[in-house]
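Student: I'd like a close look at a single part of this model, told as one connected story. Please spell out the cut-offs as you go, since I spend more time at the bench than with coordinates.

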Amino acid sequence: MGSAPCPAGEWKGKGRGGLQELGCMRWKASKQKGGGGGGGGGGGGEVGAEERRCKDPTDSQRQQDLSFSAPSLSPPPPAIYHEQQRRELCALHALNNVFQDGTAFSRDALQDIYQRLSPGTLVTPHKKSMLGNGNYDVNVIMAALQTRGFEAVWWDKRRDVGGVELSSVTGFILNVPSNLRWGPLRLPLKRQHWIGVREVGGVYYNLDSKLRGPQPIGNPDELRKFLRQQLRGKNCELLLVVSEDVAAHQAWRSDG
């Protein structure tokens, strides 16, 4: 029920307490109270909406979508084995770099192969120092690969390297002219040098032992471009390192 109307004569004599005693409230105060109640009602509506949002299953789906859309961490780069030049053992370094294994071959193993190829001789066609310093020729490399079940296929420079089936080739060994050095000095002399090239993690690398680290070549097209540039040079030869089965079926050849 509503409050009883206040007599007109009593309005002037009543203070704030009198009005409250009579149950009469000023309009502004009543509006503020009502507005506050309305605001409270609105707040209650907001709380209810918030509760509905919290209970809404689509919210959890949105959170899952956001978690799925977060950028994933890129995988670490592959570890690449790279032997650096020591003495004149570039053939040894090229072999181990192609196999990505520092224990694949050793100086003693190559020295033993050399001795078996040229027993009891002081001067041999294998360009090998009798002190075991290295500088082995292609015969030693080919024999060393055979001990691991692989073959070295000599590539005819008159053919384009587009005819190589890269997926069937384990790696490449190049024989290229290289400047001689005496400590930090670069001598005006050249000597043949073996370098290894192979694919690691989808990228081909130049694993020349004279480099400070592996040098990326790139994808198959960039590899073919690199090989063409090398083979244009004078006194450069290319060996394909393939398994015995690939060599027997000549699966290293491509019609492309």
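Tutor: Let's begin with disulfides, which are pairs of cysteine sulfur atoms within 2.5 Å: by this rule the count is zero. A word on the ground rules: this is a predicted model, in which local features need pLDDT of at least 70 and side-chain atom pairs count only at pLDDT 80 or more, while totals for chains, interfaces and linings use all residues. Residues are numbered from 1 along each chain as its sequence is written, and side-chain values use heavy atoms, leaving out hydrogens and water.

Two cysteines are still worth a look. Cys 90 is buried at a relative accessible area of 5%, and Cys 236 is buried at 1%. Buried here means under 20% relative accessible area, exposed means over 50%, and partly exposed is in between, using a 1.4 Å probe and protein chains only.

Cys 90 takes us to the part I'd like to linger on, helix H5, which spans residues 90-99. Helices (H or I, at least four residues) and strands (E, at least two) are DSSP runs, numbered from the N terminus. In H5, 10 of the 10 residues are buried, so the helix is largely enclosed by the rest of the structure. Polar residues are included in that list: His 93, Asn 96 and Asn 97 are among the buried ones, alongside Ala 91, Leu 92 and Val 98. Just after H5 comes Gln 100, with a positive phi near 50°.

What surrounds such a helix? Part of the answer is the largest nonpolar core, which has 25 residues. A nonpolar core is a set of buried Ala, Val, Leu, Ile, Met, Phe, Trp, Tyr and Cys residues joined through side-chain atoms within 4.5 Å. Leu 95, Leu 110, Ile 141, Leu 145, Ile 173 and Trp 194 touch the most other members. Helices H5, H6 (107-117) and H7 (138-146), together with strands E1 (150-154) and E6 (237-243), each supply at least two residues of this core. H5 gives the most, with seven residues. In soluble globular proteins, nonpolar side chains tend to be buried together.

Ile 173 shows how the helix meets its surroundings. Contact means heavy atoms within 4.5 Å, and, leaving aside neighbours within four places in sequence, the contacts of Ile 173 include Ala 94, Leu 95 and Val 98, as well as Ile 141, Trp 194 and Leu 239. Apart from this core lies another, of 23 residues, among them Leu 174, Val 197, Tyr 204 and Val 246.

Back in H5, Asn 97 is a polar residue to notice. At 0% relative accessibility, Asn 97 counts as buried. Its side chain reaches the backbone nitrogen of Glu 83 at 2.7 Å, which is a polar contact: a pair of N or O atoms within 3.5 Å, where, within protein, one must be able to donate a hydrogen and the other to accept it, and residues adjacent in sequence count only if both atoms are side-chain atoms. Beyond four places in sequence, Asn 97 touches Tyr 81, His 82, Glu 83, Arg 198 and Leu 207.

Phe 99 brings in the aromatic rings. The whole structure holds three aromatic pairs. Rings of Phe, Tyr and Trp (its six-membered ring) pair if their centres lie within 6.5 Å, and planes under 30 degrees apart count as stacked, over 60 as edge-to-face and the rest as tilted. Phe 99 and Phe 105 are an edge-to-face pair, 5.6 Å centre to centre with 70° between the planes. Phe 99 is buried at 15% relative accessibility, and Phe 105 is buried at 6%. With Phe 150, these two form one aromatic cluster.

Finally, a charge joins the rings. The charged end of Arg 148 sits over the ring of Phe 99, 5.2 Å from its centre, and Arg 148 also lies over the face of Phe 105, 5.7 Å from the ring centre. A charge sits over a ring if NZ of Lys or CZ of Arg is within 6 Å of the ring centre and within 35 degrees of the ring normal.
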